[in-house]
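Let's take a friendly first look at this chain. Have the sequence and the 3D view open, and we'll go through a few spots together.

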Amino acid sequence: MSLSDHIFLSGSQAFGNAKTAQNNNSSRFGKFIQVNYQESGTVRGAYVEKYLLEKSRLVYQEHNERNYHVFYYLLAGVSDDERKAFHLKKPEEYHYLSQMTKTPRHQHWDSYYDSEPDCFTVEGEDLKHDFERLQLAMEMVGFLPATRKLIISLLSAILHLGNYPLQKEEPGRLHRHL
């Protein structure tokens, strides 16, 4: 694998991989493969579609799991100016990044919950360096600086939106509770 392939792969993993209870870098993508056959039964062609398996991971994570890597890269790697411009805080100040509970949801999995959870660090991970690699990967595939800034803005907005709780007002309607 070339250096450029490795950097590009690291960029795509930032948006689609997350720490799970079983794996620190688990892909949350799936693939659908449609194979087309000729009347004779031989393969005529195929189509592969990738899709994100866990859209819900943005708003909720199970015990000892965390959100997509990109949020942690962002908070560790942005410049001080970007941190101020996008009003970024520490990871533990965001609901979408700090939902881990100390109480197990499945009481019969006692050994699974032996250690104190830590959703902010992964052994051997250098979040600031990973953010730099992500920026380089986006640049390599042609994202202009303005587009990269919009992506940072969108990721920041997702984090901030998670800190605004929603409550049901009446069936089917939600209102923001401040």
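## A residue tucked away

Start with D130, which is buried because its relative accessible area is 13%, below the 20% cut-off for that label. You'll find D130 in helix α4, the run covering residues 127-140. Who does D130 touch? Once residues up to four places away in sequence are set aside, D130 touches Y73 and E125.

## A residue out in the open

Now hop over to Y37, which sits in strand β3 (residues 29-37). Is Y37 buried or exposed? Y37 has 52% relative accessibility, so it counts as exposed, the cut-off for that being over 50%.

Y37 still has company: leaving out neighbours within four places in sequence, it is in contact with T42, V43 and R44.

## Rings and charges

If you go hunting for aromatic pairs, you'll come back empty-handed: a search of the whole structure turns up zero. There is something to see at Y72, though, where the charged end of R66 sits over the ring, 4.2 Å from its centre.

## How far to trust it

Keep in mind that this is a predicted model. The chain has a mean pLDDT of 75, with 61% of its residues at 70 or more. Among the elements, helix α3 (residues 80-85) has the highest mean pLDDT, 96, while helix α1 (residues 3-16) has the lowest, 60.

Then there's the stretch over residues 102-117, where the pLDDT is below 50. In the model, this stretch has 14 contacts beyond near neighbours in sequence.

Notes. Residues are numbered from 1 along each chain as its sequence is written. This is a predicted model: local features need pLDDT of at least 70, side-chain atom pairs count only at pLDDT 80 or more; totals for chains, interfaces and linings use all residues. Side-chain values use heavy atoms; hydrogens and water are left out. pLDDT is the predictor's confidence in each residue, from 0 to 100. Helices (H or I, at least four residues) and strands (E, at least two) are DSSP runs, numbered from the N terminus. Contact means heavy atoms within 4.5 Å. Buried means under 20% relative accessible area, exposed over 50%, partly exposed in between (1.4 Å probe, protein chains only). Rings of Phe, Tyr and Trp (its six-membered ring) pair if their centres lie within 6.5 Å; planes under 30 degrees apart count as stacked, over 60 as edge-to-face and the rest as tilted. A charge sits over a ring if NZ of Lys or CZ of Arg is within 6 Å of the ring centre and within 35 degrees of the ring normal.
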